[in-house]
Amino acid sequence: MVLLVPELTFLTGLSDLRNNSRTLKEVMWEMIQSPQQHYQRLTSLLRRIRDSPDASRELERWGLCLDTDIYRTQGHILPGERINLRHRSFLPAEDLGWHREVTKEAPIAVISINSWLLIYPKRLQHLAKELLAAMRSSCGSMGMQVGQPTAQELRDDRIETYVRSIQSSLGSQDKVQLLLCIIPGGRDDVYGAIKKLCCVQTPVPSQVINAQSLMGHPGKIRSVVQKVLLQINCKLGGQLWGVDIPLKRLRVVGWTFSLNPTCLSSFQKQIMVVGMDVFPKSHLPFPRSTSLLRPKIDRIFLISPRFFPPQLNHSLPMKIVVYRDGVSDPQLDTVLKYEVPQLQKSFHTFQNYQPSLVVVVVQKQLSTNFYCLTGEELVSPPLGTVVDHSVTSSGWQDFFLLAHHSRQGCSVPTRYICMWNTANLSSEHLQRLTFKLCHLYWNWPGTVRVPAPCKYAHKLAFLVGQVLHHEPSAHLSEQLFFL
């Protein structure tokens, strides 16, 4: 532990950067250099250090010697993943994703919207009409059915008005599938009040739309509405797309067990994949010194197998893969000593239940960059690039995976460290499974940097820690209500 004397410290960085658009633009321009530009600046810095007598003496005093070029090694590329919709499968373009396909064709499973509420202030009446018209015109090509909502027009946009109207509308109807609210731009207080009401007090899937996102040309509004419909389908229990996984098609089911940390898992017949994340700004009394799951981790798996759908699987999972996000190198030993034993201990809740366990730490905050040499030019590596030797750790089983496409700048990989593996999953199997899961974040029709369960866990933890400050209702535990 390092203790700093406040009088001897000072702030660094640019605190007012966002207020200066010109400075922000210049900083962003420096940050999004191409791989070739980044390489040239890096080698130039190394040569300057070598040619500086003072720097050379300092490095010599430390016993260090810097090469004047980057380290060169070989990696391998994982096979591309096929995206499965209800009636079609396809290989996506490397840099475009599959937005066009998911908005033009039916997803794997669709939930019809029959009983829902539409609430908006009177001054945004025209936007509500345009939104409803766009939803009806877009839903058909996406295989969805959107019925006539029960509309509630508010006299003003105060928090109290929204809350009273929502409570009254939900109380007067037997079953409401969805609450959709249009709020004025920049009203985070209204958004928070609606989410607290719908996620904690009166549980119902909710969609809150900023009025500013519905303003603009018809093409923009249509694009926004398509994304909203995809989110709504997920929140109601629908499934957008899948990938080929040897056991069975992946089914995503979520739950909450506490305010912080939160997790979400993906189920198959024999394997359950769990994502865990911790929200650092939570108001709960968690041990900030370790930022780990020690007080609650036994509750995670005491609850999680109960959500394994018996009507689909008829048994508990035999293999459990845990992707643990938000752990730095100094905390790895603590994860191994405290979290893994508690995960194993939780299995004793069920009689004669001893599943195999795999625990993988996910690290995104890296200073590592990968370049691909094409002829004489350095470019970003293709999707699925893996490096599992030479630059990896000597003490852990780890690998680097580049699963996403970066339109600008250099592509930063994600590091995966296998802390525990009693399932005898080979490195190849673990790499393939991780890459497949990076295709399954339903909030984005493309690949993401981390496995989808980690993204879902992060979204849920952020919503609870930043907005709700309470544990969400158990009635929403099997839905992706936090998207």
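# A guided tour, starting at S138

Begin by selecting S138, which is found in helix α5, the run of residues 125–139, and keep in mind throughout that what is on the screen is a predicted model. The relative accessible area of S138 is 1%, and because buried means under 20%, this residue counts as buried. If you then display its surroundings while leaving aside the neighbours within four places in sequence, the residues in contact with S138 are R222, V225, Q226 and L229.

## The whole chain

Before going further, zoom out to the full chain, whose secondary structure comes to 13 helices and 18 strands. Of its 483 residues, 48% are buried, and the chain exposes about 24900 Å², with carbon and sulfur atoms supplying 52% of that area. If you draw the contacts between residues at least 6 apart in sequence, 71% of them join residues at least 24 apart.

## Strand β4 and its two partners

Next, select strand β4, residues 116–121, which is mostly covered, with six of its six residues buried. In a regular strand the side chains alternate between the two faces of the sheet. For β4 both faces are covered, with W116, L118 and Y120 buried on one side and L117, I119 and P121 buried on the other.

Now add the neighbouring strands to the selection. Strand β6, residues 178–183, pairs with β4 in the parallel sense over four bridges, and within this pairing I119 has C181 of β6 as its bridge partner. Strand β5, residues 150–154, also runs parallel to β4 and is joined to it by five bridges, with T150 of β5 as the bridge partner of L117. Following the chain from β4 through α5 to β5 traces a β-α-β crossover that is right-handed, and α5 is the helix in which S138 is found.

## The nonpolar cores

Select W116 once more, this time together with L131, M135, L180, I182, W241 and Y323: these are the residues with the most contacts inside the largest nonpolar core, which has 80 residues. Domain 1 (110–236) and domain 2 (242–307 + 315–476) both give residues to this core, so the core lies between them. A second, separate core has 17 residues and includes M272, V322, V327 and V335. In soluble globular proteins, nonpolar side chains tend to be buried together.

## Strand β13

Move on to strand β13, residues 356–363, where eight of the eight residues are buried, so the strand is largely enclosed by the rest of the structure. Colouring by face shows cover on both sides, with S356, V358, V360 and V362 buried on one and L357, V359, V361 and Q363 buried on the other.

Which strands should be shown beside β13? One is β12, residues 319–325, which pairs with β13 in the parallel sense over seven bridges, and here V358 of β13 is the bridge partner of V321. The chain passes from β12 through helix α11, residues 332–346, to β13, and this β-α-β crossover is right-handed. Another is β18, residues 414–421, which runs antiparallel to β13 and is joined to it by six bridges, with I417 of β18 as the bridge partner of V361.

## A small open sheet

Now select β2, β3 and β8, which form an open sheet of three strands in the order β3-β2-β8, with antiparallel pairing. The edge strands are β3 (89–90) and β8 (242–243), each of which pairs on one side only. Two bridges join β2, residues 83–84, to β8, and G242 of β8 is the bridge partner of N84.

## A hardly covered helix and positive phi values

For a contrast with β13, whose eight residues are buried, select helix α3, residues 53–62, which is hardly covered, the count of buried residues among its ten being one. Just after α3 comes G63, with a positive phi of about 80°.

Two further stops have positive phi values in residues other than glycine. S390, with phi near 65°, lies in the loop between β16 (385–387) and β17 (397–402), and its relative accessible area of 47% makes S390 partly exposed. H469, whose positive phi is about 60°, lies in the segment after α13 (452–468) and is likewise partly exposed, with a relative accessible area of 29%.

How values were computed. Residues are numbered from 1 along each chain as its sequence is written. This is a predicted model: local features need pLDDT of at least 70, side-chain atom pairs count only at pLDDT 80 or more; totals for chains, interfaces and linings use all residues. Side-chain values use heavy atoms; hydrogens and water are left out. Buried means under 20% relative accessible area, exposed over 50%, partly exposed in between (1.4 Å probe, protein chains only). Two strands pair if DSSP finds at least two bridges between them. A crossover is right-handed if, with the strands pointing away from the viewer, the path from the first strand over the helix to the second runs clockwise. A nonpolar core is a set of buried Ala, Val, Leu, Ile, Met, Phe, Trp, Tyr and Cys residues joined through side-chain atoms within 4.5 Å. Domain bounds come from an automatic or database domain assignment. Contact means heavy atoms within 4.5 Å. Accessible areas come from the Shrake-Rupley method with a 1.4 Å probe; for residues, only the protein chains shown count as cover.
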